[in-house]
Amino acid sequence: MKGIVIKEFVGLIRGIKSILIVLFITGISILAARSLRNSPLFMDESSNPSATALAGLSFILVIFGALFVLTLSHDIVNRDIQLQRIRLLITKTSRPSVILGKFLAVWLFWVIVSLISFVLVSFITRTFVIHELLFLWIYLAFLSSICVMLSTLVIHHAYSVILSVLLGLALPIFGIWSMFSSVVPIRALRYLLPYYPMSEQPALLLVTVAEVLVFLAAAVVLFQRKDL
Amino acid sequence: MKALIVNKLSKEYKTKKAVDDISFSLETGEVFALLGRNGAGKSTTINMLSGILTPTSGTIEILNTPYRHMNKIKQRIGVLPDNSNYYNEMTAIQHMKFFARVKGVSARKDSLVDLLESVGLGEDLGRKVGQFSLGMRKKLGIAQALIGSPELIFLDEPTSTLDVESALQIRQLISTLASQGITIFMTSHNLEEIERICDRVAILNHGKIEKMGTLEQLREAHTRSINITIKYQASDQSQESLWLDRLQQMAGAVQCKPPYVEIELDEEEVIPEIVQAAVECKIRIYSIERERVSLENIFLDEKLA
């Protein structure tokens with residue numbers, strides 16, 4: 001598994017792509033924090049400009065995180081299946097190790113990206129709020145596990161691109177809608193998606209952690225049943 | 001000791017039974033080949049044995065370990081699957097290190113370099129695989145199958161796409177591995193290659209094993225008559241006619257094309273009598289060649305059947 005984690009992680013982090021993502025997230029976080037300082041979304045932080053910048057980072061990842069993670073890594077599993085590279089992996093290690101390795105690589109990449117952005121924002125604002133970062137990492141684990149499950153479920157690259165874009169847009173829309181909606185089915189989504197727990201009820205992030213495990217287990221079962 | 005035991009193994013797809021109830025076993029250190037035309041079920045069989053495909057039914061025991069513990073077995077086997085691809089942006093040595101890490105075995109550079117050298121990629125260690133020819137990719141595939149000193153190696157068409165020299169090198173490598181006690185299970189279309197390096201052969205047709213055994217056993221089962229060709233020289237024509245008349249009495253069929261005579265015999269005990277008759281008729285014999293049934297003959301007969 002270690003080999004797969006290193007290979008996939010290096011593949012993601014290497015090159016200009018990761019630098020651009022860090023710069024984009026950091027820049028937009030600071031800009032968002034400045035322009036949204038008086039927004040009702042930042043009521044708690046509005047008295048403290050430094051905290052607003054950190055909240056801006058979370059806000060950007062909440063809004064665009066799903067789209068970023070899913071579109072960047074939607075083919076983390078199916079790419080190797082389509083290119084027939086997976087056979088060489090599964091003859092050397094267990095199928096759960098392949099899935100777990102891919103998940104850890106995607107998650108680790110986003111953990112590092114968010115950490116770098118967090119350190120940059122903290123350096124600029126001279127504030128360090130660790131719990132924001134931990135919540136963000138749970139949220140990124142949620143997205144990474146969806147990404148791996150999606151990539152195991154949908155073998156065709158073109159379909160997984162479309163699905164990743166749709167899901168990347170739908171997740172934050174439904175997540176934020178559920179926070180303010182009084183319609184029961186939509187309101188129920190607040191307990192399934194990590195947006196409400198991150199914002200209002202951090203204890204509910206345990207549900208998100210459980211969901212990560214469920215998605216990974218589903219990906220493993222799907223992968224185990226595939227003839228490759 | 002058995003390295004591999006396969007019992008009533010089947011693989012069924014929606015529209016087709018690719019492998020139908022096959023059973024066989026391999027002794028440790030044996031080189032075993034699975035033969036068959038395209039679509040006979042060779043690759044499906046090797047893919048099931050190596051964990052790529054899940055069998056529909058049947059049992060497999062690899063290196064005294066049941067198939068359900070396949071994950072434990074993976075460190076002890078090596079596999080060259082039929083259609084496999086590589087990471088074009090990685091070099092040959094980077095691939096070897098990566099596969100060694102994935103397999104959870106030593107990734108020492110010198111031993112991995114040795115493996116690449118053994119398949120003839122010693123001068124291409126640092127080249128990106130994207131620049132490799134099909135033959136070089138095949139060699140890399142064989143090298144990666146040897147990572148971690150496997151006890152049993154599955155090779156699907158190991159010499160296809162290789163040039164004559166490289167194919168010879170791989171055949172020698174397979175023979176060397178077998179002499180070290182490593183069991184080899186392979187498929188090939190090259191019948192001459194199989195004749196040279198394999199101890200036993202199974203012929204697969206429509207997912208079923210039609211014939212199985214050592215090459216000698218297959219030849220014996222296939223042989224209906226003995227064909228010999230004698231190169232001779234007669235001192236005079238009357239003696240030659242006399243000898244040929246005696247041959248007609250001894251053999252099933254005689255065809256004379258001087259200085260050769262082709263004779264079909266029912267049993268090999270007649271051969272000394274033919275020589276004796278030649279001596280008595282003052283016929284000088286330069287050579288006696290017995291036609292051996294080739295694996296190709298056996299295979300083609302199975303296909304026609």
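**Exercise 1. Explain why Asn47(B) counts as buried, and place this residue in its surroundings.**

Solution. Asn47(B) has 26 C-beta neighbours inside 10 Å, so Asn47(B) counts as buried. The cut-offs are these: a residue is buried if 20 or more other C-beta atoms lie within 10 Å of its own, exposed if 12 or fewer, and partly exposed in between, with C-beta atoms placed from the backbone. Next, Asn47(B) is found in helix H1 of chain B. Helices (H or I, at least four residues) and strands (E, at least two) are DSSP runs, numbered from the N terminus. Then list the contacts, leaving aside neighbours within four places in sequence: Asn47(B) is in contact with Ile52(B), Leu53(B) and Pro81(B). Two residues are in contact if their C-beta atoms, placed from the backbone, lie within 7 Å. Last, Asn47(B) and Pro81(B) are 34 residues apart along the chain, and their C-alpha atoms are separated by 7.0 Å.

The model is predicted: local features need pLDDT of at least 70, side-chain atom pairs count only at pLDDT 80 or more, and totals for chains, interfaces and linings use all residues. Residues are numbered from 1 along each chain as its sequence is written, while chains are lettered from A and ligands numbered from 1 in the order in which they are written.

**Exercise 2. Describe the open sheet of six strands in chain B and the helices that lie across its strands.**

Solution. Start with the strand order, which is E6-E7-E8-E3-E9-E10 in chain B, with mixed pairing. Strand E6 (77–80) and strand E10 (208–214) of chain B stand at the edges with a single partner strand each, so one side of each has no neighbour in the sheet. From one strand to the next, the twist averages 15 degrees. Two strands pair if DSSP finds at least two bridges between them.

Now take one pair. Strand E9 (residues 200–205) of chain B pairs with E10(B) in the antiparallel sense over six bridges. Within E10(B), Met212(B) stands opposite Ala202(B).

Then add the helices. Helix H1 (residues 42–49) of chain B lies across strand E3 (31–35), strand E7 (152–156), strand E8 (183–187) and E9 of chain B, at about 145 degrees to E8(B). Helix H6 (residues 164–179) of chain B lies across E3, E7 and E8 of chain B, and also runs at about 145 degrees to E8(B). Axes are lines fitted to C-alpha atoms, for helices over the stretch in contact, and angles run from 0 to 180 degrees between N-to-C directions.

**Exercise 3. State whether Ala33(B) is buried or exposed, and list what Ala33(B) touches.**

Solution. Ala33(B) lies in strand E3 of chain B. Ala33(B) counts as buried because 25 C-beta neighbours lie inside 10 Å. Not counting residues up to four places away in sequence, Ala33(B) touches Met186(B), Thr187(B), Ser188(B), Ile194(B), Cys198(B) and Val201(B). As for Ile60(B), this residue is 27 residues from Ala33(B) in sequence and 17 Å away in space, C-alpha to C-alpha.

**Exercise 4. Describe two hairpins of chain B.**

Solution. In one hairpin, four residues join E1(B) to E2(B). Strand E1 (residues 2–12) and strand E2 (residues 17–27) of chain B pair in the antiparallel sense over seven bridges, and Leu9(B) has Ile22(B) in E2(B) as its bridge partner.

In the other, two residues stand between E12(B) and E13(B). Five bridges join E12(B) to strand E13 (residues 260–265) of chain B, and the two run antiparallel. Ala253(B) has Glu264(B) in E13(B) as its bridge partner. Strand E12 (residues 253–257) of chain B is hardly covered, with zero buried residues among its five.

**Exercise 5. Characterise chain A and its contact with chain B.**

Solution. Chain A has eleven helices and zero strands. Of its 228 residues, 45% count as buried. The mean pLDDT (the predictor's confidence in each residue, from 0 to 100) of chain A is 84, and 88% of its residues reach 70 or more. Confidence in chain A is lowest in helix H2 (residues 16–35), at a mean of 76, and highest in helix H11 (residues 205–224), at 94.

The contact takes 17 residues from chain A and 21 residues from chain B. On the side of chain A that touches chain B, helix H1 (2–13) and helix H5 (86–90) of chain A are the elements that give two or more residues.
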